[in-house]
Amino acid sequence: MFCRRCYRCRGGYRGNSKNEINFDNLKDKVSKGAILVDVRSPQEFNEGHLNGAINIPEYEIRKRIMNEIPKLNQQIVLYCQYGGRSQDALNMMTRMGYNNVYVLKGGLEII
């Protein structure tokens, strides 16, 4: 039996489709000033990440996001390996008042 995180990370987790974007939408949003946030661990980030991304692990979102991205209406794209952690981060940020946050559907696995 898989733990909740493993189940999500293996593709079993389905997010909110209205906030999910594909890779083409990602490129467009970044070109228009969106901030790219990698919510994986620092070790995963150091092993490879998208150009221009900042690393705020999902488990540190509550502590760090307001200091690093204080504007609640800033366009932000979150990503992780498969999409589960970024969806959790999106849910946290939405509860904190962020209103322009998107998730890369399928995470880095689609690239």
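## Salt bridges at the surface and inside

At 37% relative accessibility, Asp 28 counts as partly exposed. In this predicted model, Asp 28 has a salt-bridge partner in Lys 32, with 3.4 Å between the closest N and O atoms. Lys 32 itself is exposed, at 62% relative accessibility. This pair is one of six salt bridges that the structure holds.

A second pair offers a nice contrast in surroundings. Asp 38 and Arg 40 form a salt bridge whose closest N and O atoms are 2.7 Å apart. Here Asp 38 is buried, with a relative accessible area of 0%, and Arg 40 counts as buried too, at 4%.

## A charged network around helix H4

Glu 60, Arg 64 and Glu 68 are linked in a network of salt bridges. Within this network, the closest N and O atoms of Glu 68 and Arg 64 are 2.7 Å apart. Why can these two residues meet? Glu 68 and Arg 64 lie four residues apart in helix H4 (residues 61-68), so about one helical turn separates them. As a rule, an α-helix has 3.6 residues a turn, so residues three or four places apart point the same way.

Both ends of this bridge are partly exposed: Glu 68 has a relative accessible area of 38%, and Arg 64 comes to 25%.

## The chain and its sheet

Stepping back to the whole fold, the protein chain has five helices and five strands. From the N terminus on, these elements run α-β-α-β-α-β-α-β-α-β. Of the 111 residues, 44% count as buried. Among contacts between residues at least 6 apart in sequence, 65% join residues at least 24 apart.

The five strands form an open sheet with parallel pairing, in the order E1-E5-E4-E2-E3. Strand E1 (20-21) and strand E3 (54-55) stand at the edges with a single partner strand each, so one side of each has no neighbour in the sheet. Elsewhere in the sheet, strand E4 (residues 76-79) and strand E5 (residues 101-104) run parallel and are joined by three bridges. Leu 78 has Val 103 of E5 as its bridge partner.

## Two nonpolar cores

Which residues touch the most other members of the largest nonpolar core? They are Ile 61, Ile 76, Leu 78 and Met 93, out of 16 residues in that core. At least two residues of this core come from each of H4, E4, helix H5 (84-96) and E5. H5 gives the largest share, four residues. A second, separate core has 12 residues, including Leu 26, Phe 45, Leu 50 and Val 77.

Ile 76 is worth a closer look in your viewer. Leaving aside neighbours within four places in sequence, Ile 76 is in contact with Ile 35, Val 37, Ile 69, Met 93, Tyr 98, Asn 100, Val 101 and Tyr 102.

## Gln 75, a buried loop residue

Just before E4 in the chain comes another residue to inspect. Gln 75 is found in the loop between H4 and E4. Is Gln 75 buried or exposed? At 19% relative accessibility, Gln 75 counts as buried, because the cut-off for buried is under 20%.

Not counting residues up to four places away in sequence, Gln 75 touches Lys 29, Gly 33, Ala 34, Ile 35, Asn 100 and Tyr 102. Ile 35, Asn 100 and Tyr 102 also appear among the contacts of Ile 76.

## Helices H2 and H5, end to end

H2 (residues 23-31) has a polar contact at its start: a side-chain oxygen of Asn 22 reaches to within 3.1 Å of the backbone nitrogen of Asp 24. H2 is followed by Gly 33, which has a positive phi near 105°.

H5 also has a glycine after it, Gly 97, with a positive phi near 110°. The geometry of H5 holds up to a simple check: at 1.5 Å a residue, its 13 residues should span 18 Å, and the end C-alpha atoms are 19 Å apart, which agrees. Buried residues of H5 are Gly 84, Arg 85, Ser 86, Gln 87, Asp 88, Ala 89, Leu 90, Met 92 and Met 93. Met 93 is also one of the residues that touch the most other members of the largest nonpolar core.

Methods: Residues numbered from 1 in each chain as written. Predicted model: local features only at pLDDT ≥ 70, side-chain atom pairs only at ≥ 80, totals over all residues. Heavy atoms only, no water. Pairing = 2+ DSSP bridges. Salt bridge = Lys/Arg side-chain N within 4 Å of Asp/Glu carboxyl O. Buried < 20%, exposed > 50% of the residue type's maximum accessible area, 1.4 Å probe, protein only. Core = buried A, V, L, I, M, F, W, Y, C linked by side-chain atoms within 4.5 Å. Contact = heavy atoms within 4.5 Å. Expected span 1.5 Å × (residues − 1). Polar contact = N/O pair within 3.5 Å; in protein donor to acceptor, adjacent residues only side chain to side chain.
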